[in-house]
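Good morning, colleagues. Please look at the model on the screen while I go through some of its local geometry.

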Amino acid sequence: MKNAVIGNNKQKANLIVLGAVPRLLYLLQQETSSTELRTECAVVLGSLAMGTENNVKSLLDCHIIPALLQGLLSPDLKFIEACLRCLRTIFISPVTPEDLLYTDATVISHLMALLSRSRYTQEYICQIFSHCCKLHHWHSCGFNSLPQPLLCANGPDHQTILFNHGAVQNIAHLLVSTSYKVRMQALKCFSVLAFENPQVSMTLVNVSVDGELLPQIFVKMLQRDKPIEMQLTSAKCLTSMCRAGAIRTDDPCIVLKTLPCLVRMCSKDRLLEERVEGAETLAYLIETDVELQRMASITDHLIVMLADYFKYPSSVSAITDIKRLDHDLKHAHELRQAAFKLYASLGANDEDIRKKIIETENMMDRIVNGLSESSIKVRLAAVRCLHSLSRSVQQLRTSFQDHAVWKPLMKVLQNAPNEILVVASSTLCNLLLEFSPSKEPILESGAIELLCSLTQSENLALRVNGIWALMNMAFQAEQKIKSDILRGLSTEQLFQLLSDSDVNVLMKTLGLLRNLLSTRPHIDHIMSTHGKQIMQAVTLILEGEHNIEVKEQTLCILANIADGTTAKELIMTNDDILQKIKYYMSHSNAKLQLAAMFCISNLIWNEEEGSQERQDKLRDMGVVDILHKLSQSSDPNLCDKAKTALQQYLA
């Protein structure tokens, strides 16, 4: 059987159909079977597992994993190795659920104990751990946001389980094994354990093997004379440790070793797979650090080098290259995704780098095409790249306008999964800033309705972006647009947003109200239709438990209302609000005092009709006494504002 199935998928499938698997498993588990026979059974099962994914499914259906794990309790090393090799092959398959390794709490500690038995047990067990250490994370916005751990049904995530079973200590010494395969599998294990895990990363920094700290060992493995696979994986380990805060971003091992190594991996003479992995890891390394972004952008002409990622598959003339074309096609979208991701990280903070990226051949066309790709990963990476570039005032006015980027972006927003929607709506916020020429056409294409619907999303990031974009849209807008926004949102939804538990949503909603209530005719018009509800909302917030920024923003909205011609009366006839303004004039926080003073100044301004009655009413409330006190304030702003207000009384 063994000889018949080696390298022959057809024969493997035949044997499975004929029912060989249950029979082999029976012999494997029989105490009466000789060790040689049980070992041969494990070998044949391992060979069957190396076939197609369907083969692996058939083996899983026959409950092969518990049988093999049971086999690990045998005293015979050859049999243990055969079971481990078969387990390794099964766990590498994408159809095998990783959680199967964690169903019995004793399995991990037994595997740790087997690590010292032979170089094969070391190689296979490390490989099993690497493949069964999935992060239970969701990314609300690619790796631009903090991942929220979602624990699997059976307790802590895989990294924590392995860490708690002493994985770091048990695997560290394997990095100096005489076997290349063992060193490599140990390294891969660490790259998975440390990813987005501060606990593991902080531990790794302080572990030493033969008197050498792990970061130094990783750096040695980065050297150019080491196999590419080893260079890449150790760069991944150092990257994860750096991102988790265990190694500083200005540490020489990052700046002089890891970053240059990853840039090298992006060059033309590397295999396509290596270029993908190199670019993605580099994007992750530099994503939040502007100095690393600047450094990467001037290393080895990286920005130009990445443009080459879009040239696959190259047109193939000779039919002999069919295999190559197939390979290139398979990797084409991975290359584009990696390039977009890296461009997004490079351009995240620096204007000059963004300019260089946009000036790279056909860059804007490539991004626009990327927005409508069939692969969701490429679409997400293209949107992320666009978002990064949209932080540039200069580019919004030029390249973004020349390529009418807003059109494909609006299309993406019509119907996309949440992770794309979050980045696309963030980009839209930037395109709606008042100096962006795209603002007008976006408005005309029905953006208000779209954004109002985003504010009702369950997803917090989408609610924030929806209201943020509306706030940008309302800034210095015409009255019609402001009315459309209020109509689109509905009073009910506005209250919903003002009572949102997230302070970002609340602040952006107040920002929107403040932008809506600017310029006199607009203030009077909006307050004549929505005055009652807006005053109610303002009262609610001033009475609630909110931070200084929220209250300050609310008082600024009141100051805007007080600047209206007819809207003033809504404040003057509301004794409750007047008492609140008076209270904040004497508050311990200067920002709130100042905001309350703006309200008072706008209410008592001499040149406006009815100012005398308003001044008298406020004097009777004791406002003038407070103004006298404030005119002696040590805060120059408050002092000036109080003196100016008192002059209105004297004039």
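Helices in this talk are DSSP runs of H or I with at least four residues, strands are runs of E with at least two, and both are numbered from the N terminus. Serine 483, for instance, is found in helix α31, residues 479-498. What we are viewing is a predicted model, in which local features need pLDDT of at least 70 and side-chain atom pairs count only at pLDDT 80 or more, while totals for chains, interfaces and linings use all residues. Residues are numbered from 1 along each chain as its sequence is written, and side-chain values use heavy atoms, with hydrogens and water left out.

Let me stay with serine 483. A residue is called buried under 20% relative accessible area, exposed over 50%, and partly exposed in between, with a 1.4 Å probe and protein chains only. Serine 483 counts as buried because its relative accessibility is 16% or, to give the correct figure, 18%. Its C-alpha lies 9.2 Å from that of histidine 522, although the two residues are 39 apart in sequence. The 16% was my slip: the value for serine 483 is 18%.

Next, the record. UniProt, in an unreviewed entry, places the feature "repeat: ARM" at residues 19-55; such positions are given in the numbering used here, feature names are shortened, and annotations may be inferred rather than shown by experiment. Over that stretch the chain is 76% helix and 0% strand, with its end C-alpha atoms 12 Å apart.

I turn to the interior. A nonpolar core is a set of buried Ala, Val, Leu, Ile, Met, Phe, Trp, Tyr and Cys residues joined through side-chain atoms within 4.5 Å. The largest one has 230 residues, and Phe190, Leu346 and Leu558 have the most contacts inside it. Contact means heavy atoms within 4.5 Å. Leaving aside neighbours within four places in sequence, phenylalanine 190 is in contact with eight residues that I can name: Val168, Ile171, Ala172, Leu175, Leu204, Leu214, Phe218 and Cys237.

Leu204 brings us to helix α13, residues 198-205, whose buried residues are Val200, Ser201, Leu204 and Val205. Seen down the helix axis, these fall within an arc of 135 degrees, so they line one face of α13; the arc is that of the directions from the helix axis to the C-beta atoms. What covers them? The cover includes α10 (158-164), α11 (167-172), α12 (180-194), β5 (212-213), α14 (214-221) and α15 (228-243).

Two loop residues in this region deserve a remark on backbone angles. Most residues other than glycine have a negative phi. Glutamate 196, in the loop between α12 and α13, has a positive phi near 55 degrees, and is buried at 16% relative accessibility. Aspartate 210, in the loop between β4 (208-209) and β5, also has a positive phi, near 50 degrees, but is exposed, with a relative accessible area of 71%.

Now to the rings. Rings of Phe, Tyr and Trp (its six-membered ring) pair if their centres lie within 6.5 Å; planes under 30 degrees apart count as stacked, over 60 as edge-to-face and the rest as tilted. By this rule there are five aromatic pairs. Tyrosine 120 and tyrosine 124 are stacked, because their ring centres are 6.1 Å apart and their planes are at 25 degrees. They are separated by about one helical turn, being four residues apart in helix α9, residues 119-131. Are they buried or exposed? Tyrosine 120 is partly exposed at 33%, whereas tyrosine 124 is buried at 5%.

A charge sits over a ring if NZ of Lys or CZ of Arg is within 6 Å of the ring centre and within 35 degrees of the ring normal. The charged end of arginine 119 sits over the ring of tyrosine 120, 4.7 Å from its centre. Elsewhere, that of lysine 508 sits over the ring of tryptophan 468, at 4.3 Å from the centre.

Helix α9 also holds serine 130, buried at 11% relative accessibility. Beyond four places in sequence, serine 130 touches Gln185, Lys188, Cys189 and Val192. Its C-alpha is separated by 63 Å from that of cysteine 599, which is 469 residues away along the chain.

I finish with two further buried positions. Leucine 69, in helix α6, residues 64-71, is buried at 16%, and touches Leu87 and Val107 when residues up to four places away are not counted. Histidine 387, in helix α23, residues 376-389, is buried with a relative accessible area of 13%. With the same exclusion of residues up to four places away, histidine 387 touches Val423, Ser426, Thr427 and Asn430.
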